[in-house]
Amino acid sequence: MARFDKETLTIVRRLQMARLHLLRTQPFYALLLLHMTFSLDESCETAYTDGMRIAFNPAFIDRLSDSELEFVLLHEVLHVALRHCFRQQSDYQQKAYDIACDIVVNSNILYSFQMDTSAITLAEFGEAMHLTPDGKEGYLYSVEEVYQMVLDELQEAEDDGGNNDMNGSGIGSGSGSGDGGKEDTGAPDGGGGGRFDDHSFWEGENEDRTQSQTWMQRMVDATELIVNRNASAGCGTVPLGVEREIKEFKQPQLDWRVVLENFIQEEINDYSFSPPDRRFDECPFFLPDYNEKEERVRDILFMIDTSGSMSEEMITEAYSEIKGAIDQFDGKLQGWLGFFDGEVVEPKPFESEEEFKIIRPVGGGGTSFEIIFEYVQTKMEEQKPASIIILTDGYAPFPEEKEAMDIPVLWVINNKEVDPPWGKVARIESEG
C-alpha cells in the first residue's frame with residue numbers, strides 16, 4: 001500500500017493547485033489534464049508521460065516553482081494530446097523525433113502564452129526549444145515536418161565531423177539565436193533519457209491505436225468547449241497545432257447529401273418528388289422540390305474497418321467521414337456505428353453528434369466482411385438497418401451479395417485498386 005507521507009501530500013496539493021490555476025488561465029490544457037493521472041516515480045530523473053499518466057521524480061518537483069510546474073504539466077499533456085506518444089514510426093531516428101516533438105510542443109505552449117518565453121523557461125534548464133532548424137516557430141508545422149528538418153540537420157552535423165552543437169539552428173537552444181543556449185534543452189538524448197522529460201515510455205506505432213483516437217476526440221471536445229464559451233481576458237487560447245489537427249480530422253471528403261441521395265434516395269427526407277418544383281414547370285424532366293421536413297435519414301449502419309491493414313490515419317479518415325455526414329445533415333441522420341476486423345464490435349446507436357462522438361474505435365486483427373452480415377442477421381433481426389455503409393480498404397474476400405439480405409450496401413473504399421463485385425461504391429483518398 002502506498003505511503004502518503006507529508007512530502008507526498010504536499011506534492012499532491014501542488015499538483016491540484018496547478019491544475020486549478022490552469023483551469024482559470026489555460027482552460028484548454030486544464031480540460032485535457034482532467035484525463036490524466038499523476039504519479040511519483042523515483043526511477044526517472046525528472047518527469048515523463050506514458051500516454052495515460054504524468055509521472056514525476058519527487059525531487060524534481062521540489063526544484064520547480066509553481067509556474068515551472070505548470071509548464072511541465074502543459075508540456076507532458078500536449079505530447080499526449082498531439083499523439084506524439086502514439087505516432088512515431090518504427091524507422092524514425094529516436095533523437096530527431098524526440099527533439100521534433102519538444103519543439104512542436106514548446107512552441108504551441110509559447111503561442112498559448114502570447115509568445116512570453118518565460119512561460120517555457122525552467123531555471124534549471126533555461127529556455128526550452130521552440131524554433132525549427134529553419135528559424136521558424138514549431139507550431140507552424142506538424143511533428144513529421146519538424147522531424148524531417150531536424151533529421152537533416154543532425155545528419156549534416158554528423159557529416160561535418162559529429163558536432164552535435166546545434167546552437168543557431170534552433171535545435172540546441174531555445175531561441176535559435178546562437179547565443180550559446182542550453183544543450184539539447186527539452187530534448188532527450190538517444191533513447192529518451194533526457195534532462196527535461198523522458199520519452200522512453202512512449203511505444204510509438206505499437207501503442208494501442210484506440211488511445212490515439214480517444215485523445216483526438218478529447219482535443220475536439222475541449223476545443224469546442226473553449227470556442228463556444230465567452231472567454232474572459234487572459235484566458236488563453238487553443239494551440240495552433242491542435243487547431244490544425246482538428247481541422248484535418250473533421251474535414252470529410254465526401255458530399256454525403258449527394259452520396260446518400262444517390263444511394264438511398266427514397267430515404268432522403270429533404271427531397272421529394274411530390275410535389276415537383278414548380279420553378280421548372282417547362283422542363284421536360286421532373287425535378288425534386290426542396291422541402292423542409294423534420295424527418296430523419298434513419299437506420300443506417302456504419303461499419304468502420306479497424307483491421308491491421310487499416311492505419312491510424314485511415315481509421316481517422318473513416319471516422320471523420322461519418323462525422324461529416326452527421327454535420328452535413330445537421331442532426332437529421334440516425335443509425336448505428338460499429339467496428340470490425342475478424343470480429344464485430346457491437347454497433348452503438350446514435351441520434352446526435354454528441355452521442356456519435358463518445359463511440360470509440362476498437363480492433364486491429366484480420367478482416368472479414370461476412371461477419372458484418374452475420375451480425376445483422378443474428379443480432380439485429382428485430383430492427384434491421386435500412387442500409388449498410390462499410391468504410392474499408394477492401395483487402396479481404398467479399399461475400400456473396402445474397403448475404404446482404406436485400407439490404408442496400410455502400411462500400412466506401414480508400415483506394416483505387418479494390419473494386420467490390422456488388423453493391424454501390426464511393427471512394428475517398430487516403431494519406432495513411
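Of the 432 residues of the chain, 53% count as buried in this predicted model. The secondary structure comprises 12 helices and 13 strands. Among contacts in the chain with a separation of 6 or more, 65% are between residues 24 or more positions apart. One pairing of residues far apart in the sequence is that of Ile315 and Thr392, which are 77 residues apart along the chain and have their C-alpha atoms separated by 8.6 Å. Ile315 belongs to helix 10, which covers residues 312-328. With a relative accessible area of 0%, Ile315 is buried, since the cut-off for that class is under 20%.

Attention turns next to a pair of helices. Helix 4 spans residues 66-81 and helix 5 spans residues 94-112; the two pack with their axes 10 Å apart, at an angle of about 120°. Helix 4 and helix 5 are therefore oblique to each other, because the angle lies beyond the 65 to 115 degrees that count as roughly perpendicular and is not over 145, where roughly antiparallel begins. The crossing of helix 4 past helix 5 is right-handed. On the helix 4 side, the contact is made by Phe71, Leu74, His75, Leu78 and His79, and these meet Cys101, Asp102, Val105, Asn106, Asn108 and Ile109 of helix 5. By character, the residues of this contact divide into six nonpolar, four polar and one charged.

Beyond helix 5, the chain offers two backbone features worth a look in the viewer. Gln114 lies in the loop between helix 5 and strand 4, and its phi is near 55°, a positive value in a residue other than glycine. Met115 is also placed in the loop between helix 5 and strand 4. Although Met115 is not a glycine, its phi is positive too, at about 65°. As for solvent accessibility, Gln114 is exposed, with a relative accessible area of 58%, whereas Met115 is partly exposed, at 35%. The class given to Gln114 follows because exposed means over 50%.

Charged side chains complete the picture. Side chains of opposite charge can pair when their charged atoms come close. The structure holds six salt bridges, and three of them are described here, beginning with that between Arg53 and Asp50. The side chains of Arg53 and Asp50 meet with an N to O distance of 3.0 Å. Within this pair, Asp50 is buried, with a relative accessible area of 14%, while Arg53 is partly exposed, at 27%.

A further salt bridge joins Glu124 to Arg63, with the closest N and O atoms 2.9 Å apart. This pair links distant parts of the chain, its members being 61 residues apart: Glu124 sits in the loop between strand 4 (121-122) and strand 5 (126-127), and Arg63 in the loop between helix 3 (58-62) and helix 4. Glu124 counts as partly exposed at 41% relative accessibility, and Arg63 likewise counts as partly exposed, at 44%.

Lys402 and Glu400 form another salt bridge, in which 3.6 Å separates the closest N and O atoms. Both Lys402 and Glu400 are exposed. The salt bridges described here thus include a pair with a buried member, Asp50, and a pair with both members exposed, Lys402 and Glu400.

Methods. Residues are numbered from 1 along each chain as its sequence is written. This is a predicted model: local features need pLDDT of at least 70, side-chain atom pairs count only at pLDDT 80 or more; totals for chains, interfaces and linings use all residues. Side-chain values use heavy atoms; hydrogens and water are left out. Helices (H or I, at least four residues) and strands (E, at least two) are DSSP runs, numbered from the N terminus. Buried means under 20% relative accessible area, exposed over 50%, partly exposed in between (1.4 Å probe, protein chains only). Axes are lines fitted to C-alpha atoms, for helices over the stretch in contact, and angles run from 0 to 180 degrees between N-to-C directions. Angles under 35 degrees count as roughly parallel, over 145 as roughly antiparallel, 65 to 115 as roughly perpendicular and the rest as oblique. A crossing is left-handed if the near helix is turned anticlockwise from the far one by less than a right angle, and right-handed if clockwise. Contact means heavy atoms within 4.5 Å. Ala, Val, Leu, Ile, Met, Phe, Trp, Tyr, Cys and Pro count as nonpolar, Asp, Glu, Lys and Arg as charged, and the others, Gly among them, as polar. A salt bridge is a side-chain nitrogen of Lys or Arg within 4 Å of a carboxyl oxygen of Asp or Glu.
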